[in-house]
Amino acid sequence: MSEPPSDQRYDSTTISLHWVTAILVVVLWIIGQTADWIPNGPVNTRYWSVHVVLGFALAAVIGWRMAWRGSRGRRLPPADTGTLHAFAKATHFSLYALLLTTLTLGVVNAFVRGYNLFDLAHLPQIGDRAWRKPITGWHGLAANILLGLALFHAAAALVHHYVWRDGLLRRMLPSVDGIADPRAEGSAATIADKRP
């Protein structure tokens, strides 16, 4: 399959922010699920420090992504129509809502706990320490739901790519050689025509 024309691809900033977000979400989830396996001590402190720092990095990426999307990011025509379009929009809205919820709870948790970051700096402890356990639970629940929805989103993209072969996934993949093939499949009409 060849690449879609450049006017049917997202811009390089949007593509980069999408994949950085995806990688950070997965890495943060893995750290969050495995950090308690490490006994308390310097290694555990560093491991949780990585989680907290990457969480703040993800917050910055999401802020940049939302600002970019709202200002200069390329808008493409919807790939789906009718019910599939409504479902895709609801999924994307839910992904952003869960990202913001998970990040907000994570930042609040970091400050309620007053995290020690790499034994170099401490976040100030703000609020009642009694909130640590419930906030941690809500943060973990939101992260689990987010990862589940992100996996559903990825599965849908793979269905588009391997089952419907409609070129949708290639709109969000980096260009292989930096030059898109103007003869490539992937126009909105081609995408809509390949649906069952």
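The second largest pocket, with a volume of about 590 Å³, is our starting point on this tour of a predicted model. To find this pocket in your viewer, select Leu-28, Gly-32, Trp-48, His-51 and His-139, which lie nearest its centre among the 28 lining residues. Colour the helices next: H1, H2, H3 and H4 each give at least two residues to the lining of this second largest pocket. H3 supplies the largest share, with 8 residues. Sorted by class, the lining of the second largest pocket holds 15 nonpolar, 11 polar and 2 charged residues.

**Stop two: a tryptophan and its partner**

Keep Trp-48 selected and add Tyr-115. Their rings form a tilted aromatic pair, with 6.3 Å from centre to centre and 35° between the planes. Where along the chain do Trp-48 and Tyr-115 lie? Trp-48 sits in helix H2 (residues 42–71), while Tyr-115 is in the loop between helix H3 (82–113) and strand E1 (116–117), so this pair ties together parts that are 67 residues apart in sequence. Now switch on a surface: both Trp-48 and Tyr-115 are buried.

**Stop three: two phenylalanines**

Now select Phe-56 and Phe-111. Is this pair stacked or edge-to-face? The ring centres of Phe-56 and Phe-111 are 6.2 Å apart and the planes meet at 80°, so the pair is edge-to-face; the cut-off for that label is over 60 degrees. Phe-56 belongs to helix H2 and Phe-111 to helix H3, so here the pair ties together parts that are 55 residues apart in sequence.

Check the surface again at this stop. Phe-56 is partly exposed, with a relative accessible area of 32%. Phe-111 is partly exposed too, at 22%; buried would mean under 20%. The count of aromatic pairs comes to 4, and you have now visited Trp-48 with Tyr-115 and Phe-56 with Phe-111.

**Stop four: a contact at Thr-34**

Move to Thr-34, which you will find in helix H1 (residues 12–34). Thr-34 has a relative accessible area of 14%, so it counts as buried. What does the side chain of Thr-34 make a polar contact with? Show the side chain of Tyr-47 as well: the two side chains make their polar contact at 2.6 Å.

**Stop five: the largest pocket**

Next, select His-18, Ala-88, His-92, Leu-95 and His-153. These residues lie nearest the centre of the largest pocket, which is lined by 49 residues. About 1600 Å³ of space lies in this pocket. Which elements give two or more residues to its lining? They are H1, H2, H3 and helix H4 (132–164). Highlight H4 in its own colour, as the largest share of the lining of the largest pocket, 13 residues, comes from this helix. By class, the lining of the largest pocket has 33 nonpolar, 9 polar and 7 charged residues.

**Last stop: the whole chain**

Finally, zoom out and switch to a cartoon view. How many helices and strands does the chain have? The secondary structure comes to 5 helices and 2 strands. Trace the chain from the N terminus and you will pass the elements in the order α-α-α-β-β-α-α.

Bring the surface back for a final look: of the 196 residues in the chain, 37% are buried. As for contacts in the chain with a separation of 6 or more, 74% are between residues 24 or more positions apart. The pair of Phe-56 and Phe-111, with its 55 residues of separation, is one you can return to as an example of parts tied together across the sequence.

Terms used: Residues are numbered from 1 along each chain as its sequence is written. This is a predicted model: local features need pLDDT of at least 70, side-chain atom pairs count only at pLDDT 80 or more; totals for chains, interfaces and linings use all residues. Side-chain values use heavy atoms; hydrogens and water are left out. Rings of Phe, Tyr and Trp (its six-membered ring) pair if their centres lie within 6.5 Å; planes under 30 degrees apart count as stacked, over 60 as edge-to-face and the rest as tilted. Helices (H or I, at least four residues) and strands (E, at least two) are DSSP runs, numbered from the N terminus. Buried means under 20% relative accessible area, exposed over 50%, partly exposed in between (1.4 Å probe, protein chains only). A polar contact is a pair of N or O atoms within 3.5 Å; within protein, one must be able to donate a hydrogen and the other to accept it, and residues adjacent in sequence count only if both atoms are side-chain atoms. On a 1 Å grid over the protein atoms alone, a cavity is a set of points where a 1.4 Å probe fits but cannot get out, and a pocket is an open set with protein on both sides within 12 Å along at least five of seven lines; lining residues have an atom within 4 Å of a point. Grid points are joined across faces, edges and corners, and a volume is the space filled by probe spheres set on the points. Ala, Val, Leu, Ile, Met, Phe, Trp, Tyr, Cys and Pro count as nonpolar, Asp, Glu, Lys and Arg as charged, and the others, Gly among them, as polar. Contact means heavy atoms within 4.5 Å.
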